[in-house]
Amino acid sequence: MSLVTLLPFIVLIGAMFLMTRSAKKKQQKAASMRNELQPGSGVRTIGGMYATVKEVNEDSVLLDAGPGVDLLFAKNSIGAVLTDDEYNRIVHGIEHDLEADGSVVPDDASSLTETDEPAADAASDASDDKPIDLGKKDAADEPADADAKPAEGDAAEPKKTDGESGAK
């Protein structure tokens with residue numbers, strides 16, 4: 001056989017090797033993370049539940065999900081071990097101190113846009129406009145124009161209302 005006929009097979013085997021190698025690395029990293037679990041650390045399960053590790057066994061983990069709520073999970077169901085700051089931020093809503101530079105991101109975009117008008121004037125201008133009615137209107141509610149001619153579909157069938165039925 002020539003090298004040209006073997007080249008596609010060699011490339012295919014190389015690609016498969018690289019894909020399985022990266023998957024094995026991910027599996028080993030996850031297994032080492034699960035084996036290093038210690039009581040008191042915050043975790044997130046693969047189902048998205050946040051809890052604190054209470055006890056670690058060979059194949060299972062006892063999690064404290066709240067006051068008086070202890071749950072037994074398989075070690076494989078632990079998705080991530082969180083740092084203390086990250087766990088407190090997510091579960092308890094406790095923010096860590098801001099960085100030393102003091103830059104603060106505003107909660108709303110009003111400070112990012114500069115307008116010449118005060119906000120109260122802009123709100124009153126919007127309320128002066130006539131409100132838009134997005135509900136359905138019957139033909140009787142619409143103003144009749146003498147110049148307007150009905151569309152082709154309107155002349156063929158009369159419109160039905162909710163209470164009328166076309167069945168005999």
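**Figure 1. L6 is partly exposed, at 34% relative accessibility.** Here partly exposed lies between buried, under 20% relative accessible area, and exposed, over 50% (1.4 Å probe, protein chains only). The model is predicted: local features need pLDDT of at least 70 and side-chain atom pairs pLDDT 80 or more, while totals for chains, interfaces and linings use all residues. Residues are numbered from 1 along each chain as its sequence is written, and side-chain values use heavy atoms, without hydrogens and water. L6 belongs to helix α1, which covers residues 3–35. Helices (H or I, at least four residues) and strands (E, at least two) are DSSP runs, numbered from the N terminus. Together, L3, L6, F9 and I10 form a nonpolar surface patch of about 420 Å². Patch members have over 30% relative accessible area and no salt bridge; like charges are joined within 9 Å, and nonpolar side chains (Val, Leu, Ile, Met, Phe, Trp, Tyr) within 5 Å. Areas follow the Shrake-Rupley method with a 1.4 Å probe; for residues, only the protein chains shown count as cover.

**Figure 2. The overall view shows a protein with 4 helices and 5 strands.** Along the sequence, these elements follow the pattern α-β-β-β-β-β-α-α-α. The protein has 168 residues, of which 11% are buried. Its exposed area is about 14600 Å², and carbon and sulfur atoms supply 55% of that area. Among contacts (heavy atoms within 4.5 Å) with a separation of 6 or more, residues 24 or more positions apart account for 36%.

**Figure 3. R34, in helix α1, is buried yet has no salt bridge.** A salt bridge places a side-chain nitrogen of Lys or Arg within 4 Å of a carboxyl oxygen of Asp or Glu. The nearest side chain of opposite charge to R34 is that of D59, 11 Å away; Lys and Arg count as positive, Asp and Glu as negative, and His and the chain ends are not counted. A polar atom of the R34 side chain does lie 3.0 Å from the backbone oxygen of I78. The view also includes K75, N76 and I78, which R34 contacts when its neighbours within four places in sequence are left aside.

**Figure 4. K54 and D70 are joined by a salt bridge, with an N to O distance of 2.8 Å.** This pair links distant parts of the chain: K54 lies in strand β2 and D70 in strand β4 (residues 69–74), with their positions 16 residues apart in sequence. The structure holds 1 salt bridge. Side chains of opposite charge can pair when their charged atoms come close. K54 counts as partly exposed because its relative accessible area is 45%. D70 is likewise partly exposed, at 39% relative accessibility.

**Figure 5. Y50 is placed in strand β2, which runs over residues 50–56.** With 28% relative accessibility, Y50 is partly exposed. Not counting residues up to four places away in sequence, Y50 touches V43, R44, L82, Y87, I90 and V91. One of these partners, I90, is 40 residues from Y50 in sequence, and the two are 8.5 Å apart from C-alpha to C-alpha.

**Figure 6. A51, also in strand β2, has a relative accessible area of 0% and is therefore buried.** Its contacts beyond four places in sequence are S41, G42, V43, L63, D64, A65 and Y87. The C-alpha atoms of A51 and V69 are 9.9 Å apart, with a sequence separation of 18 residues. G40, in the loop between α1 and β1, is 11 residues from A51 in sequence and 9.6 Å from it, C-alpha to C-alpha. Leaving aside neighbours within four places in sequence, G40 is in contact with T52 and V53.

**Figure 7. T45 is part of strand β1, residues 42–45.** T45 is classed as buried because its relative accessibility is 5%. When residues up to four places away in sequence are not counted, T45 touches L63, F73, S77, I78 and G79. I78 is also a contact of R34, and L63 is also touched by A51.

Key:
Polar contact = N/O pair within 3.5 Å; in protein donor to acceptor, adjacent residues only side chain to side chain.
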